[in-house]
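I wanted to look up how some helices pack, what lines a pocket, and what surrounds a chosen residue. My notes follow in the order in which I looked.

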Amino acid sequence: MQTNYKHLRYFWAVAHEGNLTRAAKRLNVSQSALSTQIQTLEQQFKHQLFERKGRKLYLTEAGHIALDHADAIFALGDELVASLRGTSAKQRRTVRIGANMNLSRNFQIKFLAPILNDPDVHLTVRTGRLQDLLAEIETHDLDVILTNTLPPRPANSNWFATAVDEQPVSLIGLRDSKYVGATFAEMVTQNPLILPADDSGVRSDFDALIESMDLTIHAVLEADDMAMLRLLTRSGAGLAVLPPIVVRDELAAGQLKEYMPVPTLTERFYAITRNRRFPNPAVKRLIETAAPPDAKA
């Protein structure tokens, strides 16, 4: 059976409006007629395209797939007109990335590198709190979440985490001869420290290490944002406990120096996805490129 593009146009309008009443007004049709057309399209596709929560409509996984294709189809119509008038742009596959707000930008760029220059991929990245991002992946509004914190996974959850990278954590600071030859214990007890915030995995592991070594440290600055930690380290306010990837450019330029790794300490990075009937092939490509074997958590 061929697709009825009038029905698809109606679905497309409802999907973008998120509301039957507004879409019906925009299309100049009755709400009941619009609802019937959507049901007909769902019967043709053999998949539910929307689910209602309260007064709002949310796309299902199949609905997101249908919307991506509908966007492409109707963009082609615009492209036809644009082609005859001069120029047009090729429609691309959409990949929706969520990034935990304290995640290193350098890690994000490294993970996304395989698709950054792919002309067939349209990439969106949204930074936010992990709990907010998890809610969005449950409703299929995100394809993958990048995080350095592995949250508790409820028994009824649809998502799973794949370890995609692990970076050493080091003592990093401005170049200074006073650090040369010092032991780890001397470095952390005799100098002010710049630390990740209390709720980070790196911080909890570092605190446990310091306690096990029975050391007393002086933390002068703490931040939950890697970009801020990077700036604080460059300011020379103290020695930072950081994965070198966070200040990769400064290390390469000689502005900062990695003095020594913190014993046994690493930062782990995860890609969180949810079980999907229609996996996004671009996301699969990213995870397979980054993840070691047997990395699913």
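Entry 1, the contact of α1 with α3. I noted before starting that this is a predicted model. I began with helix α1, which covers residues 5–17, and helix α3, which covers residues 31–45, and I found that they pack at an angle of about 110 degrees with their axes 9 Å apart. Since angles of 65 to 115 degrees count as roughly perpendicular, I therefore entered α1 and α3 as roughly perpendicular to each other. I also wrote down that the crossing of α1 and α3 is left-handed. On the α1 side I listed H7, L8, Y10, F11 and V14, and these meet L34, Q37, I38, T40, L41 and F45 in α3. When I sorted the residues of this contact of α1 with α3 by class, I had eight nonpolar, three polar and no charged.

Entry 2, the contact of α1 with α2. I next took α1 together with helix α2, residues 20–27, and recorded an angle of about 130 degrees, with the axes 8 Å apart. I entered α1 and α2 as oblique to each other, because their angle lies outside the ranges for roughly parallel, roughly perpendicular and roughly antiparallel. The crossing of α1 and α2 is right-handed. The contact is made by Y10, W12, A13, V14, H16 and E17 of α1, and from α2 I noted L20, R22, A23, R26 and L27. By class, I wrote down seven nonpolar, one polar and three charged residues for the contact of α1 with α2.

Entry 3, the contact of α2 with α3. To complete the picture I looked at α2 and α3, which pack at an angle of about 100 degrees with their axes 9 Å apart; α2 and α3 are therefore roughly perpendicular to each other. Here L20, T21, A23, A24 and L27 in α2 meet Q31, L34 and S35 in α3. The classes in the contact of α2 with α3 came out as five nonpolar, three polar and no charged residues.

Entry 4, the largest pocket. I then turned to empty space, and found that about 340 Å³ lies in the largest pocket. I listed 15 residues that line the largest pocket, and the closest to its centre are F160, T273, P279, K284 and I287. The elements giving two or more residues to this lining are β6 (159–174), β10 (256–274) and α11 (281–290), and the largest share, four residues, comes from α11. Sorting the lining of the largest pocket by class gave me five nonpolar, four polar and six charged residues.

Entry 5, the surroundings of T266. Last, I looked up T266, and I placed this residue in strand β10, an element that also gives two or more residues to the lining of the largest pocket. Leaving out residues up to four places away in sequence, I found that T266 touches E166, Q167, P168, V169 and V202. I also noted that T266 and S170 are 96 residues apart along the chain, while their C-alpha atoms are separated by 8.7 Å.

Note on methods: Residues numbered from 1 in each chain as written. Predicted model: local features only at pLDDT ≥ 70, side-chain atom pairs only at ≥ 80, totals over all residues. Heavy atoms only, no water. Axes fitted to C-alpha atoms, helices over the stretch in contact; angles between N-to-C directions. Parallel < 35°, antiparallel > 145°, perpendicular 65-115°, else oblique. Left-handed = near helix turned anticlockwise from the far one by under 90°. Contact = heavy atoms within 4.5 Å. Nonpolar A, V, L, I, M, F, W, Y, C, P; charged D, E, K, R; others polar. 1 Å grid on protein atoms, 1.4 Å probe; cavity = no way out; pocket = protein on both sides within 12 Å on 5 of 7 lines; lining within 4 Å. Points joined across faces, edges and corners; volume = space filled by probe spheres on them.
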